[in-house]
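Student: I'd like to learn how to read a fold from a model. Can we walk through one together?

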Amino acid sequence: MLNKIIITLLLLLQSDDSKFSSSLCNEAKMYAKNNNYNEAGELFLKAASINPYYFYAHYGYGKVCLYTGDIKNAAKHLSIAVTLDASSANGWFYLGFAYFFSKHYMNAVSCFKKAYTLDSSYIESLYNIGVIYEMMGNSFLSQNYYKKYYFAKNKKDTGILF
């Protein structure tokens with residue numbers, strides 16, 4: 001009971017400007033959905049400064065940077081995000097794009113593979129890997145990943161359960 005009172009008092013004593021990282025990220029997501037990336041970015045950064053171990057703050061800021069062309073910061077914050085939550089297929093997928101746009105192709109391949117391994121619904125990862133290998137002149141691996149992509153995309157559920 002005393003702990004609950006102390007927590008309530010601390011919350012009441014906070015300034016109006018002070019918010020939790022999660023509420024800042026929720027607000028930032030709304031700005032991002034409306035393509036207001038400057039406001040979203042500021043809020044994600046503020047959330048990361050309040051709690052540097054909050055996955056969504058780094059993930060959100062990394063995506064904002066990716067959308068606005070700040071590839072260096074996108075890679076930095078998405079790397080932090082997947083370090084904080086290595087099970088995030090989203091984080092790995094977008095980190096793959098950050099590495100792709102910065103021409104770190106093998107790092108991008110690794111990230112796309114990780115995203116697909118964590119969540120097989122990320123079939124676009126297979127296509128992206130195919131594109132990277134094609135750009136690097138490896139037609140064998142490129143075709144292999146394109147085939148995997150088209151197979152996964154057109155895969156039908158047979159309904160047979162064994």
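Tutor: Sure, and keep in mind that this is a predicted model. Let's begin with S120, which sits in the loop between α7 (105-118) and α8 (124-135).

Student: Is S120 buried or exposed?

Tutor: The idea is to compare relative accessibility with a cut-off: over 50% is exposed. S120 has 51% relative accessibility, so it counts as exposed.

Student: What is the C-alpha separation between S120 and A152?

Tutor: Here you set the distance in space beside the distance along the chain. These two residues are 32 residues apart in sequence, and their C-alpha atoms are separated by 8.7 Å.

Student: Let's move to helix α8. Where does M135 belong, and how accessible is M135?

Tutor: M135 lies in helix α8. Partly exposed covers the range between the buried limit of 20% and the exposed limit of 50%. M135 comes out at 47%, so it is partly exposed. Together with M106 and M136, M135 makes a nonpolar surface patch of about 290 Å².

Student: Now the whole chain. How many helices and strands are there?

Tutor: Nine helices and zero strands, so to speak in sequence order: α-α-α-α-α-α-α-α-α.

Student: What share of the residues is buried?

Tutor: Of the 162 residues in the chain, 36% are buried. As for the surface, the accessible area is about 10400 Å², and carbon and sulfur atoms hold 57% of that.

Student: And which share of the contacts links residues 24 or more positions apart?

Tutor: Counting contacts with a separation of 6 or more, that share is 41%.

Definitions and conventions: Residues are numbered from 1 along each chain as its sequence is written. This is a predicted model: local features need pLDDT of at least 70, side-chain atom pairs count only at pLDDT 80 or more; totals for chains, interfaces and linings use all residues. Side-chain values use heavy atoms; hydrogens and water are left out. Helices (H or I, at least four residues) and strands (E, at least two) are DSSP runs, numbered from the N terminus. Buried means under 20% relative accessible area, exposed over 50%, partly exposed in between (1.4 Å probe, protein chains only). Patches are made of residues with over 30% relative accessible area and no salt bridge: like charges are joined within 9 Å, nonpolar side chains (Val, Leu, Ile, Met, Phe, Trp, Tyr) within 5 Å. Accessible areas come from the Shrake-Rupley method with a 1.4 Å probe; for residues, only the protein chains shown count as cover. A salt bridge is a side-chain nitrogen of Lys or Arg within 4 Å of a carboxyl oxygen of Asp or Glu. Contact means heavy atoms within 4.5 Å.
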